[in-house]
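Here are some notes for your reading of the model, set out as numbered points. Please go through them with the coordinates open.

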Amino acid sequence: MKISDLYDLSHTLAADYLKQFEYPWEALKGIKEEILRLGATLGEEYTEVSEHVWVHKTAVVAPTAFLGAPCIIGANTEVRHCAFIRGSALVGENCVVGNSVELKNVILFDNVQTPHYNYVGDSILGYRSHMGAGSITSNVKSDKTLVRSCGIETGLKKMGAMLGDYVEVGCNSVLNPGTVIGRHSNIYPLSCVRGCVPADSIFKTGGIIVKKEVR
């Protein structure tokens, strides 16, 4: 469940930043600083709509959306009614940040969809991953202890989920702190997920994981 296993880095402005790390959660602490660094390098196709908030000229942002600093909104991305970007959010191209969605300390690769009532915090969502309506990332353990991920001590009190490229998360699912989902995997609706879900798998009701059939 390393960065190289989960993500095609050609689909994010954070490629060079992420290449520094082995595991994706290692990148969480520096997302804010990386956005500030990237923002200063963006060309004329981006507008700094407020201090440290950069929006591509082709992006569509609803007047009711809140864009907290620092953040970058990529080309052709749609930020819908009452979206709440608290800050430290790097949102790629062709993304959807939907109604009442909250983002905080995240990297969304290109073509990511968080379209309806999602909370995504301290997480990285890979290329073309999709969060079904009402699905959320839980980023703090109930006992407030440090998060383990895939059997590894992260040293982090706050860590949400790492979604590989093309992951599909079903409606009203909860991804518990430290969850990692491999590329091309699917999560059934109403799932409570923890730990690591291998690539090309289906996470079914009751936590049963099966390998996808090749057809």
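1. In this predicted model, a residue pair worth finding is valine 91 and leucine 108, since valine 91 stands opposite leucine 108 in strand S9. The strands concerned are S7, covering residues 84-91, and S9, which run parallel and are joined by six bridges.

2. Strand S9 also pairs with strand S11 (residues 119-125), again in the parallel sense and over six bridges, and within this pairing leucine 103 stands opposite valine 120 in S11. As for its surroundings, strand S9 (residues 102-108) is mostly covered, with six of its seven residues buried.

3. How many disulfides does a search of the whole structure find? The search finds one, formed by cysteine 150 and cysteine 196, whose sulfur atoms lie 1.7 Å apart. The link is left-handed, with -115° about the S-S bond. Distant parts of the chain are linked by this pair, 46 residues apart, with cysteine 150 in the loop between strands S14 (147-149) and S15 (152-156) and cysteine 196 in strand S22 (residues 196-197).

4. Both partners can be placed by their accessibility: cysteine 150 counts as partly exposed at 32% relative accessibility, and cysteine 196 is partly exposed with a relative accessible area of 27%.

5. Why is cysteine 171 without a bond to cysteine 192? The closest cysteine sulfur to that of cysteine 171 belongs to cysteine 192 and is 16 Å away, which is too far for a bond; cysteine 171 is partly exposed, at 36% relative accessible area. Cysteine 192 is likewise in no disulfide, the nearest cysteine sulfur being that of cysteine 196 at 15 Å, and cysteine 192 is exposed, with a relative accessible area of 53%.

Definitions and conventions. Residues are numbered from 1 along each chain as its sequence is written. This is a predicted model: local features need pLDDT of at least 70, side-chain atom pairs count only at pLDDT 80 or more; totals for chains, interfaces and linings use all residues. Side-chain values use heavy atoms; hydrogens and water are left out. Buried means under 20% relative accessible area, exposed over 50%, partly exposed in between (1.4 Å probe, protein chains only). Helices (H or I, at least four residues) and strands (E, at least two) are DSSP runs, numbered from the N terminus. Two strands pair if DSSP finds at least two bridges between them. A disulfide is a pair of cysteine sulfur atoms within 2.5 Å.
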